[in-house]
Amino acid sequence: MKRLHWLFLMMCLAVLPALQSCDDLDDGYSIGDFSYPNWATVRVTGNAFYLNSDTWGTLWPINTDMGWYQPVDGQRVVTVFNPIYDNYGEYDHAVKIERIWHALTKGVEPLTAENEEEYGNDPVFIYKGDITISGGYMNIIFMQNLPKNSDTKHRISLVQRAEDAEVPLDEETGDDGYIHLELRYNDYDDLSGVRVAGLVSFNLKDLDITSETKGIKLKLNSEVNKEVEITFDKQSDNTDKASNLDFSKMQLK
């Protein structure tokens, strides 16, 4: 049996008791048929919202208990839901949302000699398999070492070296058919030693990806493995199920 990621397993155990206590629906799915945690984008329409899931398509929430939720168009989230019906009006599925967590949502930023110090290059702790590309986004789950000062927010950024930057790409990698990106982290020398799960999603849709692009190469400074480079081939299926914990305590910008 394939071993589940520990973060995902803990999240599943948290929602399982509530779901098992419900009866099956007369039509459609069972109440117990809850989804894996999966990435989605919030879309606001009038006074309502729906989710554009990376793997399930468009999802219409039928919850009557989400008055507390303030949707933001374009916000990336990780959600667990109970699918209720397929082909619900103009949406792929009607769902009952069981859990929803906001991810810090950002784009790719240009890296130049002038702003390189601003982005920093401090090491970051990421478990294997917790960087995925789906839905036009690079999604990252990492273990943040919280700042001591509650007013401090660490900065996490996905950057691409500007064409006119004084810090050029290495000659041997500059024309290999891949788009080269770097994950940058700035902890501002403020670390408490307390770890919490962090969640960030970077929009890749503004990148110049053509039919000849082979994929993306990501360089990062790992706490465990030092400087590493990860390759995402365009033809590969890199949509592993997202994992989850409590992301409410992360302090990021």
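These legends describe close-up views of a predicted model.

**View 1. Strand 4 and strand 5 run antiparallel.** Strand 4 covers residues 76-88, and strand 5 covers residues 91-102. Ten bridges join the two strands. Within this pairing, Phe 81 faces Ile 97 of strand 5 from the opposite position.

**View 2. A hairpin links strand 4 and strand 5.** Two residues lie between the strands. Gly 89 sits in the turn, and its phi is positive, at about 60°.

**View 3. Strand 5 also pairs with strand 3, in the parallel sense.** Strand 3 spans residues 57-61. Three bridges hold this pairing. Pro 61 has Val 95 of strand 5 as its bridge partner.

**View 4. The largest nonpolar core contains 20 residues.** Met 138 and Leu 218 have the most contacts inside this core. Strand 8 (137-145), strand 9 (155-161), strand 10 (178-186), strand 11 (195-203) and strand 12 (215-222) each contribute at least two residues to it. Strand 10 gives the most, with four. As a rule, nonpolar side chains in soluble globular proteins tend to be buried together.

**View 5. Met 138 and its contacts beyond four places in sequence.** Ile 131, Thr 132 and Ile 133 are among the residues it touches. So are Leu 158, Ile 216, Leu 218 and Phe 232. Val 200, Ser 201, Phe 202 and Leu 204 are also in contact with Met 138.

**View 6. Another core, of twelve residues, lies apart from the largest one.** Its members include Ala 40, Val 42, Tyr 69 and Ile 100.

Conventions
Residues numbered from 1 in each chain as written. Predicted model: local features only at pLDDT ≥ 70, side-chain atom pairs only at ≥ 80, totals over all residues. Heavy atoms only, no water. Pairing = 2+ DSSP bridges. Core = buried A, V, L, I, M, F, W, Y, C linked by side-chain atoms within 4.5 Å. Buried < 20%, exposed > 50% of the residue type's maximum accessible area, 1.4 Å probe, protein only. Contact = heavy atoms within 4.5 Å.
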